[in-house]
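Welcome! Have a look at the sequence and the 3D view, then try the exercises at your own pace.

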Amino acid sequence: MSVVKSIELVLPKDAVYLAGSSIKGQVVLTLNSTLVDPIVKVELVGRGYVEWNEEIGASRDYSRDVICNNKADYVHKTKTFPVEDNWLSAGSRTFDFHFNLPPRLPSTFTSKIGHIFYFVQASCMGREHILAKKRRYLLVQGTSSDFHAENPLQNPLFVEAEKKISYNCCSQGTICLQIQMEKNTFTPGERVIFTTEINNQTSKCIRTVIFALYAHVQYEGFTPNAERRSRVDSSELLRQEANTQITPFNTTKIVSTFHLPPVLPVSGGTQDSAIMNTHYELVSTVHLPWSLTSVKVKVPIIITRAPVDSDACGLLDGSSVTVSLDHQN
């Protein structure tokens, strides 16, 4: 029978931690029997990693795939708990701990190419052997180094796209697509409200309008020969589809709302996130199957987050949702 019955980490459930805030918790260690010369410790770790395959020499007579990768260490802190008289008797005991996150960190993130993750790990060792350990992953929201507490009010945005449409061999018309927003800068967890106006100057009916929020992530890596490479992947974070009947030579307005996830990479990344940076784009699309074309209007979206106040704990309410980006062709 093992000396250690169990080791547990007690942390707030579904918490989202702001960069620069404090993490407070407990390690609960339960022993079946006496343990001599124990080492009980807890660690805070944050790392990032990207990797992808890239073809080189495509313009020559030969080509081959190489692996491009990169990694980053964001935080590694350790607290070893003092043990009186260097022995612990059977039973349970609780060790309190707290860590301060660095003020500039990238957000928790995962995709097919890259990962940024944070965890707290408790362990108990005896005579240089690990007897038990427990790991809990954390949701960390990065902050914007260029955020100003007194941001001026943003001016409303208006973006328009107009396209001439040909159909039925010789018929022509135009479709005008507009997006109006009160602002285009948001924080994670906020609502994005926008109005789309579709002016259908054709003799055909428009039945579907699609709204999507895209994340464009640029990954930075190196080949085995230390040559710098970058790759951009786009993915769809949020999507809505409006089934409507926009009759010929008519105009329709659609008001839409997106609820942003509680954790998102800030736009442009952070100074300490050299392996990737992210930009966002809101896209409204009108598909026209009868003309084999579509009309799109795009609005850049800025995701930001204020640094944690010195008087605030920086602990946010959130759900156990990590930013997950799946590649879109």
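Three exercises with worked solutions follow, and they rest on a predicted model.

**Exercise 1.** Find the residues with the most contacts inside the largest nonpolar core.

*Solution.* Start with the core itself, which has 44 residues. Inside this core, V27, L29, F97 and L138 have the most contacts. Next, look at where the core comes from: at least three of its residues belong to domain 1 (4-141), and at least three to domain 2 (157-303). Finally, note a second, separate core of 33 residues, with V192, A215, A242 and V299 among them.

**Exercise 2.** Decide whether F97 is buried or exposed, and classify its ring pair with F99.

*Solution.* First, take the relative accessible area of F97, which is 5%. Buried means under 20%, so F97 is buried. F99 is buried too, also with a relative accessible area of 5%. Now turn to the rings of F97 and F99: they are 5.8 Å apart, centre to centre, with 50° between the planes. This pair is tilted. It belongs to a set of eight aromatic pairs found in the whole structure.

**Exercise 3.** Work out which kind of pair F119 and Y137 form.

*Solution.* The ring centres of F119 and Y137 lie 5.6 Å apart. Their planes meet at 65°, so the pair is edge-to-face. Then place the partners: F119 is in strand β10 (residues 114-126) and Y137 in strand β11 (residues 129-141), 18 residues apart. With F117, these two residues form one aromatic cluster. To finish, check what sits over the ring of F119: the charged end of R135, 3.8 Å from the ring centre.

Key:
Residues are numbered from 1 along each chain as its sequence is written. This is a predicted model: local features need pLDDT of at least 70, side-chain atom pairs count only at pLDDT 80 or more; totals for chains, interfaces and linings use all residues. Side-chain values use heavy atoms; hydrogens and water are left out. A nonpolar core is a set of buried Ala, Val, Leu, Ile, Met, Phe, Trp, Tyr and Cys residues joined through side-chain atoms within 4.5 Å. Buried means under 20% relative accessible area, exposed over 50%, partly exposed in between (1.4 Å probe, protein chains only). Domain bounds come from an automatic or database domain assignment. Rings of Phe, Tyr and Trp (its six-membered ring) pair if their centres lie within 6.5 Å; planes under 30 degrees apart count as stacked, over 60 as edge-to-face and the rest as tilted. Helices (H or I, at least four residues) and strands (E, at least two) are DSSP runs, numbered from the N terminus. A charge sits over a ring if NZ of Lys or CZ of Arg is within 6 Å of the ring centre and within 35 degrees of the ring normal.
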